[in-house]
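Let's walk through this one together, question by question. Have a look at the structure first, and then we can talk about what holds its side chains together.

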Amino acid sequence: MFAHPLTDTAELRPLEPWQARDFADFIARTRDHLAPWLPWATSITDEEGARAWLRTYADRQAADDGRICGIWLDGTLVGGILFRVFAAPAGVCEIGVWIAPEAQGRGLVHRAARHFIRWAFETRGMHRVEWRAFTTNTRSAATAERLGMTREGTLREAFPYLGTRHDIAVWSLLARDWKP
Ligand SMILES: CC(C)(COP(=O)(O)OP(=O)(O)OC[C@H]1O[C@@H](n2cnc3c(N)ncnc32)[C@H](O)[C@@H]1OP(=O)(O)O)[C@@H](O)C(=O)NCCC(=O)NCCS
């Protein structure tokens, strides 16, 4: 119903519980690409699981506490972006992103993230947008840098996942550093 164009052939739209079938199919075909970095790509294994997860984001959006959108390329769901954290009273939020291998390397995540950041700063008056990634996730780091984010440091062995405690790099962009 509502769409934001990213390119001539790609658009950003809300990703809602009624799209659970598409989301579950997307995860199934991209799991090997996403799962090393995104725990939900391991834990969501069917349509019911996808619906339950999307419902938590629908509830969080209603509470102004989070938000999720999908990226469609030529009508196919190929990725997404979310506010994993959206703490409006504190003015702090955190963005998470993902894209299918065939849609990678076209700047679609960059454009979607700029749209989310613009909304956070310009519409919602947020002060700080964060980005967190495993220190080994070089593509994610490159995307954060392209967005003008500053790497602040490493949360050492902060995230246990798949039998390893991962180091987490923290990046941020402050409202005063945002270049519209
Ligand atoms: C991390 C991830 C989202 C990055 O995807 P991406 O497509 O590389 O991200 P961007 O949108 O920033 O695109 C950058 C690439 O598009 C190119 N590009 C083309 N047009 C562009 C434009 N207008 N603006 C920016 N980049 C553009 C860049 O040159 C760059 O190319 P390169 O890959 O050859 O260096 C993706 O690798 C992914 O989904 N990985 C698995 C899940 C994951 O790790 N998620 C993040 C968890 S923290």
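A disulfide here is a pair of cysteine sulfur atoms within 2.5 Å. This is a predicted model, in which local features need pLDDT of at least 70 and side-chain atom pairs count only at pLDDT 80 or more, while totals for chains, interfaces and linings use all residues. Residues are numbered from 1 along each chain as its sequence is written, and side-chain values use heavy atoms, with hydrogens and water left out.

Q: How many disulfides are there by this rule?
A: Cysteine 69 has its closest cysteine sulfur in cysteine 93, 13 Å away, which is too far for a bond. Cysteine 93 is likewise in no disulfide. The count is therefore, by the cut-off of 2.5 Å, zero.

Q: Is cysteine 93 buried or exposed?
A: Buried means under 20% relative accessible area, exposed over 50%, and partly exposed in between (1.4 Å probe, protein chains only). The relative accessible area of cysteine 93 is 0%. Cysteine 93 is therefore buried.

Q: Which helix gives the largest share of the largest nonpolar core?
A: A nonpolar core is a set of buried Ala, Val, Leu, Ile, Met, Phe, Trp, Tyr and Cys residues joined through side-chain atoms within 4.5 Å. The largest one has 58 residues, and Trp40, Trp98 and Ile117 are among those with the most contacts inside it. Helices are DSSP runs (H or I, at least four residues), numbered from the N terminus. Eight core residues, the largest share, come from helix H4 (residues 108-123).

Q: Which residues is isoleucine 117 in contact with, leaving aside its neighbours within four places in sequence?
A: Contact means heavy atoms within 4.5 Å. By that rule the partners of isoleucine 117 are Ile95, Val129, Leu147, Met149, Leu173 and Trp178.

Q: What is the N to O distance in the salt bridge of arginine 21 and aspartate 25?
A: A salt bridge is a side-chain nitrogen of Lys or Arg within 4 Å of a carboxyl oxygen of Asp or Glu. Both residues lie in helix H1 (residues 20-34), four residues apart, about one turn of the helix. Their side chains meet with an N to O distance of 2.8 Å.

Q: Which residues are joined into one network by salt bridges that share partners?
A: Glutamate 130, which is buried at 11%, pairs with arginine 128 at 2.8 Å. The side chain of arginine 132 also meets glutamate 130, at 3.1 Å. Shared partners join Arg84, Glu94, Arg128, Glu130, Arg132 and Glu152.

Technical notes:
Helix = DSSP H or I, 4+ residues; strand = E, 2+ residues; numbered from the N terminus.
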